[in-house]
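Colleague: Please walk me through the words you use for this model. For each one, I'd like to hear what stands behind it.

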Amino acid sequence: MTRQISIDPVTRIEGHAKITIQLDDSGAVSDAHFHVTQVRGFEKFVEGRPFHEMPSLMGRICGICPVSHLIASAKACDALLAVTIPPPAADLRRVLNLAQIAQSHALSFFYLSSPDLLLGMDADPSQRNIFGVLQADPQLARDGVRLRQIGQQIIEILADKRIHPGWVVPGGVSQPLNAEKRDAIMAMLPEGLTIARRTVDWFRDVLKKYEEEIATFANFPTLFMGLTTPEGTLEMYDGGIRIVSADGERVADGLRGDDYATFINEAVEPHSYLKSPYYAPYGYPDGIYRVGPLARLNIVDRPGTPLADAEFAAFRWQDRNSSFHYHYARLIEVMYCFEKMAQLLENDTIMDEHVRARAMPNSRVGIGVSEAPRGTLMHHYEIDADGLITRANLIIATGHNNLAMNRGVLQVAQHFIKGEVIPEGMLNRVEAVIRTFDPCLSCSTHAVGKMPLQLQLLTPTGEILDELRR
Amino acid sequence: MSGVVTLKINGQDIGAHDEESILQAALDNGIEIPTLCDLPGLSRIGACRLCLVEIAGNSNLVPACITPVQEDMVVTTDSERLQAYRRTIVELLFAEGNHVCSVCVSNGACELQDLAETLGIDHLRLPGLHPAREVDASHERFILDHNRCVLCTRCVRVCDEVEGAHTWDVTARGIESQIIADLNVAWGDSESCTGCNKCVQVCPTGALVDKGRSVGEMRRRREFLPYLTMMRKENGK
């Protein structure tokens, strides 16, 4: 008899989701899906609002990554104004974004995934949480809490508020940085870097215990996408989009964020409110790609800061297709974030008073692309002659990873789930593969059916039921 | 001929001109009464009912802004009954429109928000109506967001009484009421509007705002109003 296993809700992720696993007559896994079960609708209800409100409105999508949405949204609004924002404002936004990435990575690694990594995938579920970590390794738990605190405090010093600050505005930022604030931030950076290094040192040994997971946690060839600098180093705020293949060959480079619709199409699967973007030239679903820490380190030639570069040399020997290595990549990015913030803040021009460009809207379409902790984030707005939003389209990092997450769930389920009796630890692995991606589902589910792109409705087998082009 | 009357407000003996309202007499003596539609320099209309007070011997509550003082009047400006009325009024205002402080340009500088805070309103007992209302951004420099309008008509009065343009008016009835420019044209098409921005300065909420403001960036300057009114009166003598 066929049977369905449902993991609902998936725990230790951000937002609500469930996983269903289909078993055939022999008890083998025949199919598995990752369902995102909520709709947020931001794309729809911002229609009619003045575009200057968009950063703060869009920031409300998430309480963990409000900064990422603020930045992508403000960049889209900069494009509506058609201005080049003052360079110090861009650098200040960069620092804010790096602090945000560091704190979010700390949340993902320490709070959500370290219980699996420290205590083991098969540990007692009542212990397999941050409190269990606190008992087993107080230093590790304290490091996680402190790292997140440092990131959040930097955000607060810069923007006056840790969550949903109003500091990032169309045209730049609302207040310049003074020396006192700069020094306060600089004073915290060495500790953040120390924690990141200590954690990477610990994690390198942990990796040896998880060979089976490394081999099966969404380990398959896909494309990887992210922003890079022209020099091929990490870029979290601006820059061209680079796409590389599973074996590291460059597929595309220097793509412009505002051309995203020419190379990304969005599909919708009936089982999820999360859309499934794919690389258009490769079609669906062959255009599957991944974004986020693993993808970013897979596309760059090197991160671009000394200690992160050194660690990257070891990382490069790992299997580049295993999503298990999102964890490792995340830690290297935390190192990069602290090193990069120091580089940016050392430059006195960051305290320049001119931090906001002012203009009337000069363009009817504005697209902002930046790197959020979980990957490339795209905000696309259109306005009428009065500056009111007529259309908004968001492609959230987690959405880019949707196809890979689904395929990853199936891969893990097929490997670990066999027979009638299924140990809890095996189901935990199915959740843990999702955790490697650090999905933020509250960010990622918006108005399905309003995409200004090609829209395909697919059966579970990938057969196209309906197709719509706008 | 104006005379002086004596009365009690909250047990305090007070002297006032007999032309004065209870609100004015209270304010002159440092007694706060919550208001929303009232603004020094504009005519008083008793629309918002937040300044309701109790008068001994009168079972009805009266609006302090338009009720003149009388000899031997005994006024109470704060009681459980009054608090309950005021809270209900403010909750009704929130429920009737679309007020989302956290993403509003007037966050931190909004009289409706201040009232809610003062009255301890941290949630609504009434379901929000969430009406579908328009945003008029047709003016080059300003925006009228009907979602945040509480129909205090300060804009209507300042435009008529101080600027003399009478661009703003109120159309329709009851819950359908809304502020209109001229004979219900887009603000940007109004022929009478002088673009003086007095209406924007007097708006208590985020309904009338400067274009280009982001969340929490709206600030108002209103000190000028009583002086303007005074100067106009003197010149008209």
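Modeller: Happy to! Let's start with pairing: two strands pair if DSSP finds at least two bridges between them. Please keep in mind that this is a predicted model.

Colleague: How do you know that β13(A) and strand β14 of chain A are paired, and in what sense do they run?

Modeller: The rule asks for at least two bridges, and 6 bridges join β13(A) to β14 (residues 389-395) of chain A. The pair therefore qualifies, and the two strands run antiparallel. One such bridge links His379(A) to its partner Leu394(A) in β14(A). The hairpin of these strands leaves 5 residues between them, with Gly387(A) taking a positive phi near 90 degrees.

Colleague: What makes β12(A) and β13(A) a pair too?

Modeller: Again, count the bridges: strand β12 (residues 365-372) of chain A meets β13(A) over 8 bridges, in the antiparallel sense. With at least two required, this is a pair. Ile367(A) is the residue opposite His380(A) in β13(A), and the hairpin made by β12(A) and β13(A) has 2 residues between its strands.

Colleague: Why do you call β13(A) largely enclosed?

Modeller: A residue is buried when 20 or more other C-beta atoms lie within 10 Å of its own. In β13 (residues 375-383) of chain A, 8 of the 9 residues are buried, so the rest of the structure largely encloses this strand.

Colleague: And what makes you say that Ser192(B) is neither buried nor exposed?

Modeller: Its count falls between the two limits. Exposed means 12 or fewer C-beta atoms and buried means 20 or more; Ser192(B) has 15 within 10 Å, so it is partly exposed. You will find Ser192(B) in the loop between β9 (178-181) and α5 (198-202) of chain B. Beyond its neighbours within four places in sequence, Ser192(B) is in contact with Ala165(B), His166(B), Thr167(B) and Asp182(B). Gly164(B) is 28 residues away from Ser192(B) in sequence, and their C-alpha atoms are 9.6 Å apart.

Colleague: Staying with chain B, which are the edge strands of the open sheet there, and what makes them edges?

Modeller: The sheet has 3 strands in the order β6-β7-β10 (chain B), paired antiparallel. Its edges are β6 (135-136) and β10 (208-210) of chain B, since each of them pairs on one side only. Strand β7 (residues 142-145) of chain B pairs with β10(B) over 3 bridges, and Ile143(B) stands opposite Val209(B) there.

Colleague: How many domains does chain B have, and how do you know where they end?

Modeller: The bounds come from an automatic or database domain assignment. For chain B that assignment gives domain 1 (4-78) and domain 2 (84-212). Their C-alpha centres lie 26 Å apart, and the contact between them takes 13 residues from domain 1 and 15 from domain 2. On the domain 1 side, these divide into 11 nonpolar, 1 polar and 1 charged.

Colleague: Why do you place the largest nonpolar core between those two domains?

Modeller: Both domains of chain B give residues to this core, so it lies between them. The core holds 199 residues, and those with the most contacts inside it include Leu158(A) and Cys155(B). Such grouping fits a general tendency: in soluble globular proteins, nonpolar side chains tend to be buried together. Leu158(A) itself, its neighbours within four places aside, is in contact with several residues, among them Leu92(A), Val95(A) and Trp167(A).

Colleague: One more. How do you know that the length of helix α3 of chain A is close to what is expected?

Modeller: The expected span is 1.5 Å times one less than the number of residues. For the 16 residues of α3 (66-81) of chain A that gives 22 Å, and the helix reaches 22 Å from its first C-alpha to its last, so the two agree closely. All 16 of 16 residues in α3(A) are buried. Ala82(A) follows this helix with a positive phi near 55 degrees. Helix α6 (138-159) of chain A can be judged likewise: its 22 residues reach 31 Å, close to the expected 32 Å.

Technical notes
Residues numbered from 1 in each chain as written. Chains lettered and ligands numbered in written order. Predicted model: local features only at pLDDT ≥ 70, side-chain atom pairs only at ≥ 80, totals over all residues. Contact = placed C-beta atoms within 7 Å. Nonpolar A, V, L, I, M, F, W, Y, C, P; charged D, E, K, R; others polar. Helix = DSSP H or I, 4+ residues; strand = E, 2+ residues; numbered from the N terminus. Core = buried A, V, L, I, M, F, W, Y, C linked by C-beta atoms within 7 Å.
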